[in-house]
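Here is a quick tour of one protein model, written to be read with the structure open beside it. Have a look at the fold before you read on.

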Amino acid sequence: MSIDRFGRNINYMRISLTDKCNLRCVYCMPEDMTFRPRDSLLQDEEIYRLVDIFAGLGFNKFRLTGGEPTVRANVVEIVENIAKTPGVDTVAITTNGLMLDKLAQPLADAGCQRVNISIDTLNPEKFKKLTRWGDVQDVWAGIHASQEAGLGVKLNCVVVRGYNDTDDVVDLARLTLFQPWQIRFIEMMPFGNVSDFQLAGIVSEDELLETIGRSLGPPQLVNKGRLDGEARLYRLEEGIGTLGFISSVTKPFCAGCNRARLTADGRLRLCLLRDKEVNLMTPMRNGATDDELIEIIEKAIWWKPWGHGLGEDVIPLNRVMSEIGG
Ligand code: SAM
């Protein structure tokens, strides 16, 4: 087990496979984003070595993210290798869904169990505006392909004031009347470099509940508010799916955080919203043994920050979200 100094069991690793993405969501990265050269990213064997080490330290849940994880050409092979690592129980992917039409079945066959698919609005024009060029029909095709492949499906919607905080949220919530999905509304988190999208753009869970309630009736709290991962769940009166709210800013859940993140360039990041990172890539490329890497990782986990500092206006500045993976 990997326990931090506050007694939290850290067993969930999110690995960014690449910083590249085939969209440019306005709150995630600038349009003219510069990507890292390929050789500065973790190579397949380096990822497998670290997964082996993490699994040995008690990490049993792995999520692949990006950038966009499906733009890494051999994502299916990577999933397959991680899924068969002793100690790994779950492999999931967070994706914009554009490639799932073709990849959902191979990913499921390789051992991926779940996909979280980002879809901020069902409205084609607004989708294009938010993603800067995406076609929402491609995401729909990916959602259906994932269902057919037997993958667990959750939909992620980052709500941005002035973009998708009214009808769009209601339209997405309405899907749970007909589909068994969890639709998750994520409070936008501020990152230094995406400076147009700061705290003023955040739409709180309470405000969203009111907006949804006005059109579809008040959502009812599920499980007495116990979080499902990081999401507080609600259900519409006739709903077969659930509404999840990930309210990192207005209702932080740091006390129960069990996550660590590995960036595509091999840095271990212990809090999404804190800049401090521990470099694993350099020691690994300089010949560190597994025992030496384990020592570095255990020390980093022990010092995992208690929580983010948004309440004190501490905003992460060294990377934008696409470089960390969400
Ligand atoms: N490309 C993939 C995708 O679209 O899901 C994976 C990477 S993306 C960085 C992971 C998640 O982070 C997505 O659900 C995305 O909407 C969310 N995200 C990106 N920027 C964010 C921000 N500033 N605040 C909150 N969530 C954000």
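What follows covers the sheet, the salt bridges, a charged patch and two backbone oddities.

This is a predicted model, so to be counted, local features need pLDDT of at least 70 and side-chain atom pairs need pLDDT 80 or more, while totals for chains, interfaces and linings use all residues. Residues are numbered from 1 along each chain as its sequence is written, and side-chain values use heavy atoms, with hydrogens and water left out.

Let's start with the sheet. Twelve strands make an open sheet with mixed pairing, in the order β7-β8-β9-β6-β5-β4-β3-β2-β1-β10-β11-β12. At the edges sit β7 and β12 (277-279), each of which pairs on one side only. Strands here are DSSP runs of E with at least two residues, helices are runs of H or I with at least four, and both are numbered from the N terminus. Two strands count as paired if DSSP finds at least two bridges between them. For a concrete pair, take β2 (residues 61-65) and β3 (residues 90-95), which run parallel and share four bridges. One contact to click on is K61, whose bridge partner in β3 is T90.

Now for the charges. How many salt bridges does a search of the whole structure find? The count is 24, where a salt bridge means a side-chain nitrogen of Lys or Arg within 4 Å of a carboxyl oxygen of Asp or Glu. Three of them are set out below.

| Salt bridge | N to O distance |
|---|---|
| R8 with D4 | 2.7 Å |
| R36 with D19 | 3.9 Å |
| D165 with R161 | 4.0 Å |

How covered are these side chains? The scale is relative accessible area: buried is under 20%, exposed is over 50%, and partly exposed lies in between (1.4 Å probe, protein chains only). R8 and D4 are both buried. In the second pair, D19 is buried at 2%, whereas R36 is partly exposed at 24%. D165 is buried at 13%, and its partner R161 counts as partly exposed at 34%.

Salt bridges that share partners also tie D19, R36, D265, R267, R269, D275, E277, R319 and E323 into one network.

Next, the patch. Which residues form a negative surface patch? They are D291, E292, E295 and E298. Patch members have over 30% relative accessible area and no salt bridge, with like charges joined within 9 Å; nonpolar side chains (Val, Leu, Ile, Met, Phe, Trp, Tyr) would be joined within 5 Å. Asp and Glu count as negative, Lys and Arg as positive, and His and the chain ends are not counted. D291 is in helix α9 (residues 290-302), and it counts as exposed because its relative accessibility is 61%.

Last, the backbone. Most residues other than glycine have a negative phi. R132 goes the other way, with a positive phi near 75 degrees. Look for R132 in the loop between α4 (124-131) and α5 (136-148), where it is partly exposed at 26% relative accessible area. K224 is no glycine either, yet its phi is positive at about 50 degrees. K224 lies in the loop between β7 (220-221) and β8 (232-235), and with 83% relative accessibility it counts as exposed.

Note on methods
Accessible areas come from the Shrake-Rupley method with a 1.4 Å probe; for residues, only the protein chains shown count as cover. The place of a charge is taken as NZ of Lys, CZ of Arg, CG of Asp or CD of Glu.
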